[in-house]
Amino acid sequence: MQARFVPALDRGGIAADVCAANMMGGGERMDMSDRPKANAKRLHVITWGCQMNVYDSGRMADVLAPLGYAPVDAPDDADMVILNTCHIRDRAAEKVFSELGRLRVMKQVREAAGNKMVLAVAGCVAQAEGAEIIARAPYVDIVLGPQTYHKLPEMVARAARAGGAVIDTDFPAEDKFDHLPDAAAAQGMTAFLTIQEGCDKFCSFCVVPYTRGAESSRPAAAVLAEARRLVAQGTREITLLGQNVNAWHGTGPDGAPASLGQLVRWLAEIPGLWRIRYTTSHPRDMDAALIAAHAEVPELMPYLHLPVQSGSDRILAAMNRKHTAAEYLALVDRLRAARPDLALSSDFIVGHPGETEADFQATMELVRKVRFAQAFSFKYSPRPGTPAAGAPMQVPEAEKDRRLQELQAELRLQQAEFNQSLEGQVVKVLFTNPGRRAGQIGGRTPWLQPVHAIGPESLIGQEVLVRIVTGHPNSLTGTLIEEVAPA
Ligand code: SAH
Ligand code: SF4
Ligand code: F3S
């Protein structure tokens with residue numbers, strides 16, 4: 001499987017090779033398995049958007065495996081191509097249509113040779129614009145929303161019979177997680193595990209509550225079973241996923257209610273699971289149990305992606321974020337008191353309707369107070385059907401550009417400062433892959449920075465102590481030190 005953390009191509013991000021903490025940018029092609037068997041059907045999945053889409057793409061491959069589909073890493077000559085799409089900003093949706101145009105040609109070439117190419121559009125654009133996809137791209141065979149991918153085998157069969165497209169963007173009563181096969185392809189050393197879906201927060205700018213539906217949590221037992229299976233397959237680091245992951249709630253074996261802090265403690269008991277992360281969190285749902293877990297559970301990594309969006313109370317209210325700048329800062333203080341080396345990351349939107357220069361400067365002030373190790377920042381993008389899209393006082397594009405540049409310059413500085421602060425320190429690195437240069441291996445610090453060091457590939461899969469030599473803007477280089485942490 002490809003690297004779990006992917007380049008932030010479309011984040012308006014800090015730099016092209018900054019690793020996305022919560023989102024993917026543009027069309028990642030999933031190389032999800034070994035080469036397919038000679039008689040296997042070739043499945044190619046292109047994934048945009050957040051890590052939840054990455055996870056969903058893996059599950060779509062899992063449900064199609066019993067039908068003989070095996071993932072390949074290019075669309076050429078594929079029997080089926082799935083575009084797993086993201087609707088979060090407008091350019092994201094446009095990319096889907098341009099990719100569809102390209103695939104149409106490939107489909108025609110295959111059909112001229114007497115072969116089929118099933119073309120499916122999944123994910124949040126499919127959910128929001130299913131009808132438009134069929135109207136603009138009538139050659140698409142299947143349109144399915146994020147809640148119906150367990151029905152893919154049935155849809156593929158219907159598409160083979162049907163004259164037109166098969167569409168399923170319902171929010172079915174049954175839970176798709178109950179319909180996923182027990183057998184799943186190994187995810188590798190680092191894996192995603194979706195534990196929560198949907199959002200009830202309705203921020204003024206955001207499509208997620210409409211595309212992913214209401215908040216729901218997977219039962220603790222199902223999460224723990226999946227985590228144990230991943231660990232048995234070799235996974236050493238799990239990132240728990242949810243659009244509001246820290247809103248997760250469930251019950252323990254004794255029936256007592258549990259929140260994410262408790263779930264993290266249960267996961268930490270799984271032998272062989274070394275590292276636990278979670279994303280994305282909402283400041284309102286950071287409860288005392290989760291903060292305590294940061295203080296007390298060594299497997300919980302000292303990194304937290306906690307989007308604030310703005311530092312202006314006026315704009316936070318307009319955004320319906322349900323917290324003030326002071327509340328966010330107080331929360332950061334509590335978290336740092338619990339875990340002094342906690343690295344913080346955030347998302348920001350500049351140019352939300354009504355944002356004045358003074359509001360923007362309040363965001364800059366909050367950033368200067370917190371000091372982020374990493375961050376993602378975006379120009380506000382009006383999304384059809386969301387309250388902010390129709391709001392008065394839209395900010396001109398040129399002004400959004402200027403504010404974004406000013407904010408990103410400061411965030412870049414803070415990220416470089418964090419990376420440089422690690423110079424000379426000995427840190428535990430989980431090595432996961434060969435490096436780009438010969439003789440190098442690559443991994444991640446507990447704070448999520450990519451690290452490269454000269455070392456044998458036999459260390460891949462191990463946590464090893466590394467002395468950081470140089471903090472680059474987006475990564476670190478280091479040297480292995482003699483002592484190797486026990487596996
Ligand atoms: N659930 C997460 C965010 C999910 S969307 C949270 O509440 O923080 C990921 C990020 O995309 C958001 O944090 C926000 O910064 C950005 N985003 C969402 N809608 C946007 C829009 N209309 N324009 C620009 N950025 C947007
Ligand atoms: Fe979107 Fe807000 Fe929900 Fe995050 S909390 S997914 S930004 S509506
Ligand atoms: Fe995009 Fe849907 Fe994720 S809109 S960010 S793929 S929840």
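Which residue in E16 is the bridge partner of Leu304? Keep that one in mind while you find your way around; this is a predicted model, and the strand pair in the question is a handy place to start. The partner is Leu344. The two strands involved are E15 and E16, the latter covering residues 343-350, and they pair in the parallel sense over three bridges.

Now widen the view a little. E15 and E16 belong to an open sheet of three strands, ordered E15-E16-E17 and paired in parallel. E15 (303-305) and E17 (374-379) stand at the edges with a single partner strand each, so one side of each has no neighbour in the sheet. Going from one strand to the next, the twist averages 10°. Helix H12, residues 397-421, packs on this sheet and touches E16 and E17. Its direction makes about 175° with that of E17. As a general reminder, strands of a sheet pair through backbone hydrogen bonds, either parallel or antiparallel.

Just ahead of E16 there's a loop worth a stop. Arg339 lies in the loop between helix H10 (325-338) and E16. Its side chain is joined to that of Asp341 by a polar contact of 2.6 Å. Leaving aside residues up to four places away in sequence, Arg339 touches His294, Leu300 and Pro302.

Next, the ligands. Ligand 1 is surrounded by 17 residues, and the closest are Phe205, Gln243, Gln309, Asp347 and Ser381. Some of the polar distances are easy to find on screen. A polar side-chain atom of Gln309 sits 2.7 Å from an oxygen atom of ligand 1. A polar backbone atom of Phe205 is 3.0 Å from a nitrogen atom of the ligand. Arg321 joins in too, with an N or O atom of its side chain 3.3 Å from an oxygen atom of ligand 1.

Phe205 and Arg321 turn up again at ligand 2. The residues around that ligand are Cys199, Lys201, Phe202, Cys203, Phe205, Cys206, Val208, Pro209, Asn244, His282 and Arg321. Sorted by class, this shell has seven nonpolar, two polar and two charged residues.

What about ligand 3? It has ten residues around it, of which Cys50, Cys86, His87, Cys124 and Gln243 come nearest. Gln243 is also listed among the closest residues to ligand 1. By class, the shell of ligand 3 holds five nonpolar, four polar and one charged residues.

For a look at helix packing, go to H6 (residues 220-232) and H7 (residues 260-268). They pack at an angle of about 35°, with their axes 10 Å apart, and the crossing is right-handed. On the H6 side you'll see Ala220, Val223, Leu224 and Ala227, which meet Leu263, Trp266 and Leu267 in H7. The residues of this contact are seven nonpolar, no polar and no charged.

Further along the chain comes another kind of strand arrangement. Five strands form a closed barrel, running E18-E19-E20-E22-E21 with mixed pairing. The twist here averages 50° from one strand to the next.

You can walk around the barrel pair by pair. E18 pairs in the antiparallel sense over four bridges with E19, residues 440-444, and Pro434 has Ile441 in E19 as its bridge partner. These two strands form a hairpin with five residues between them, and Gly439 in the turn has a positive phi of about 85°. From E19, five bridges lead on to E20, again antiparallel. Here Gly442 stands opposite His452 in E20.

The next step brings in the parallel pairing. E20 (residues 450-454) is joined to E22 (residues 476-480) by four bridges, and the two run parallel. His452 shows up once more, standing opposite Thr477 in E22.

E22 then pairs with E21 in the antiparallel sense over five bridges, with Gly471 opposite Leu476 in E22. E21 and E22 form a hairpin too, with four residues between them. The final pairing takes you back to the starting strand: E18 (residues 426-434) and E21 (residues 463-471) are antiparallel over five bridges. In E21, Val466 is the bridge partner of Val427.

Conventions:
Residues are numbered from 1 along each chain as its sequence is written. Chains are lettered from A and ligands numbered from 1 in the order in which they are written. This is a predicted model: local features need pLDDT of at least 70, side-chain atom pairs count only at pLDDT 80 or more; totals for chains, interfaces and linings use all residues. Side-chain values use heavy atoms; hydrogens and water are left out. A residue is near a molecule or strand if one of its heavy atoms lies within 4 Å of it. Ala, Val, Leu, Ile, Met, Phe, Trp, Tyr, Cys and Pro count as nonpolar, Asp, Glu, Lys and Arg as charged, and the others, Gly among them, as polar. Axes are lines fitted to C-alpha atoms, for helices over the stretch in contact, and angles run from 0 to 180 degrees between N-to-C directions. A crossing is left-handed if the near helix is turned anticlockwise from the far one by less than a right angle, and right-handed if clockwise. Contact means heavy atoms within 4.5 Å. Two strands pair if DSSP finds at least two bridges between them. A polar contact is a pair of N or O atoms within 3.5 Å; within protein, one must be able to donate a hydrogen and the other to accept it, and residues adjacent in sequence count only if both atoms are side-chain atoms.
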